[in-house]
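Here is a quick walk through one protein model, going from overall numbers down to a single side chain. Have the viewer open while you read.

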Amino acid sequence: MSFIQLSASRFGRAFICQNLARICPSVASVPFRSSFEDILLGKATSAFRYCSNESSSKSDSAGEEDKVSNTSVFVQDGLNIDELPCIVRIVRGEFIVNDGAQTRKSKNVLAPGIESKSPTEHQKPINYEEEVEMIQGFFRCSTLTELYFLLCQCPEDEVTPPVAFSVIRNMIQLENNKKFRNPAYRYLQDQPEETPISELMKGAGAMTPIPENFTRAAVMERLVDKICKGADTVLVLDTVKALRKDTSSCDKTAYIKRLCDKCLILVSEGKLTVSQIAALAQDLHLLKSDLAKSYTDKLWTGLEENTEDLDENEVSELFSMLPFISQSRKHVYHLAERRALSIWYKFKPDHILQMICILVTCQCNCYRLLGAISRWMNVHIHTLTEGHLRWMMFAFNKLNFTSSNLQKALTRYAKAKKSVIADPSLVASLMDYSAAMRFRSPEVMEMSAAYFIANHAKLNVPDIYSICQAFGSLNYVPKDGFTFFKVLEDVLNKNFVAFSPDAFVDLLMTCVYLERYPLNFIDKVYHPFFFQRLEVLSPNDIKQTRTKLRILDKALSLETSCHKKRVVSKSFASNGWMFRDVRIAKCVNQIRHVVEDIAGSANRVHTAVSPTGFPFVSFYKVDCLVDLSIKSEVFESLMPDDCNERFALLIHLPEHYDVSRRHFLGPHAMKIRQLNVAGFKVVNLDYENIQKLLFNSPALKSYLLNSMTEALR
């Protein structure tokens, strides 16, 4: 027989008294009150006496003395001006927007030498031992009914803030256990709303319970009010943290607003440290309440003062706030960045990793901070674990950032660790970063090649792809190239089915970029089974992969003598895999008149030409074609009289080179090589040099003429 079923009889009341004595002896000595008996007998219809409005006038009057409202203010931080949400406190009729709160605990002083105390500090109705006994008694409750009955027996003035917190925490724990571990409760929750709970429980003989949502909301509101009236700031923060696990469906607006207002008051008074404010922002965000989330953007008011005195731990915690705020994120970021730039050398690896991961999450404009982090890595590169460096490379890749300090650090790391790296994901991350940032470091490339040769049997398919495709993209042939490509051939042959079709074609293109031709795989790739596998890709990936197959076929036809040209459908050739850049098109129009002067006739100059015999894709388009074999009857060419060559002028953007601008990337090196094989004289023009000479026509003509003359040699 359950605890509730015994409550309708005298024996039930005696049994409840005995259970209360077991749970909390000090409370069991309190005689029964009529209201308590009414609740046990099912006569009460509103809520417990503790949840009634008897003492609401005191809290209401207290609320009239200190109210919280919302506004927005303009804040200037250097050159940045932001409109940020803020709170307005109405204290005894006076409006206080921000009293210059400092992020350290301070004392309220009524007069020199006299500290002001909250009402709970002047008198405490119970001693420490009784308070601990009450807390332990509430934690011994195994059901919500026992907890509510025990709470009803407690005089209101003896429910101190620590006791109220223990009740909230135990209440949430019991509710979660009931909801997630009790099949009967889930069954009741699944019933139609019009079905009375009393009808569902009639067979068990239980009395009709008091409406749970009303009771719980009233209890929680009074308990939270007790905690907010106390002087313990840590207890208020712990309450917010405890409410993160609150999964009840009752109306939480009242007590969450009361708790959030109290937190903002503590922040504005400077009673919370930076660490506490950062933790509070996360807790408010995780309350799963839109009302609570709106308060996180107002926590910046407690961070304005003393930011210059923060240590590395507090700066790291300040960065941890950024994912949980939106309107004030930019302002808080500038506060944290300013301090981080002055103490960057003091950070530990965990601090740096946390900061850079947060920057990836928030996508902040953080070039200055990333520069400081790269300087830190150049100094502390050998103190990083493989896990730290792997995640940092992933973050730098996502942020699209590189610098000379970072490149030096990676080069030093590759020299020192090339034979002792144990994590294959680290090597893959390094090569992904190198390919994305066009960082062509011989030390990093040789380290990766040696690791691939020694550990290829342990690598999974994504790691193999990341390591190998970077060599072709960066146009780098390892010193032990024969062994490297022999191992790559074995790996591709063994894992042919494991690779996705587009990844497999990319690796074959990598070999072609480096003038290693994968003839053994041609029959497998140009096969109906392989084309059928393409159907699992997205439409855009299918078009790009088919375009690469046509480029692969043309490359093998031009550069090898034993390849038989394959027929690939031309229906996918209209959208090439590398589109023409607008900058190139504009640059060609700007220099066309100079090229016509050099060629001697406008008929000899053509732009955006697809060479005959090449696939009709944008990758093979020639930016400007000068055909001197066409006779000119207007002007003479500035080139030698016996020159009947066709010049293919290619304008190269900065991203066509590696980061040192000394080597072409793999695709562009292959394009230049194939045009030369096809009989064109390739003229490589640098986009930035042309832009510098646009307003100096003689120098521009001299630059173009010298480049074309050099192509004849």
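Of the contacts between residues at least 6 apart in sequence, 72% join residues at least 24 apart. Keep in mind that this is a predicted model. Secondary structure comes to 33 helices and nine strands. Out of 713 residues, 49% are buried. The protein exposes about 34,800 Å², and 51% of that comes from carbon and sulfur atoms.

**The sheet and its helices**

Let's start with the open sheet, where four strands line up in the order 6-7-8-9 with mixed pairing. Strand 6 and strand 9 sit at the edges, each pairing on one side only. From one strand to the next, the twist averages 25°. As general background, strands of a sheet pair through backbone hydrogen bonds, in either a parallel or an antiparallel way. Here, strand 8 and strand 9 go for the parallel sense, over six bridges. If you want a spot to click on, Leu649 has Val683 in strand 9 as its bridge partner.

Two helices come up against these strands. Helix 30 lies across strand 6, strand 7, strand 8 and strand 9, while helix 31 packs on the sheet and touches strand 7, strand 8 and strand 9. Their directions relative to a strand look like this:

| Helix | Reference strand | Angle between directions |
|---|---|---|
| Helix 30 (582-599) | Strand 6 | about 155° |
| Helix 31 | Strand 8 | about 175° |

**A glutamine in helix 31**

Now zoom in on Gln674, which is in helix 31 (residues 666-677). Is Gln674 buried or exposed? Its relative accessibility is 0%, so Gln674 counts as buried. Which side chain does the side chain of Gln674 join in a polar contact? That would be Tyr620, at 2.5 Å. Leaving aside neighbours within four places in sequence, Gln674 is in contact with Ala555, Leu558, Glu559, Phe614 and Tyr620.

**Helix 14**

Elsewhere in the chain, helix 14 (residues 274-285) is worth a look. Its twelve residues reach 17 Å from first C-alpha to last, close to the 16 Å expected at 1.5 Å a residue. Buried residues in helix 14 include Val274, Ile277, Leu280 and Leu284, along with the polar Gln276 and Asp283. What do the buried residues of helix 14 pack against? The partners are helix 12 (233-242), helix 13 (253-268), helix 15 (290-296) and helix 16 (312-319).

How values were computed. Residues are numbered from 1 along each chain as its sequence is written. This is a predicted model: local features need pLDDT of at least 70, side-chain atom pairs count only at pLDDT 80 or more; totals for chains, interfaces and linings use all residues. Side-chain values use heavy atoms; hydrogens and water are left out. Buried means under 20% relative accessible area, exposed over 50%, partly exposed in between (1.4 Å probe, protein chains only). Contact means heavy atoms within 4.5 Å. Accessible areas come from the Shrake-Rupley method with a 1.4 Å probe; for residues, only the protein chains shown count as cover. The expected span of a helix is 1.5 Å times one less than its number of residues. A polar contact is a pair of N or O atoms within 3.5 Å; within protein, one must be able to donate a hydrogen and the other to accept it, and residues adjacent in sequence count only if both atoms are side-chain atoms. Two strands pair if DSSP finds at least two bridges between them. Axes are lines fitted to C-alpha atoms, for helices over the stretch in contact, and angles run from 0 to 180 degrees between N-to-C directions.
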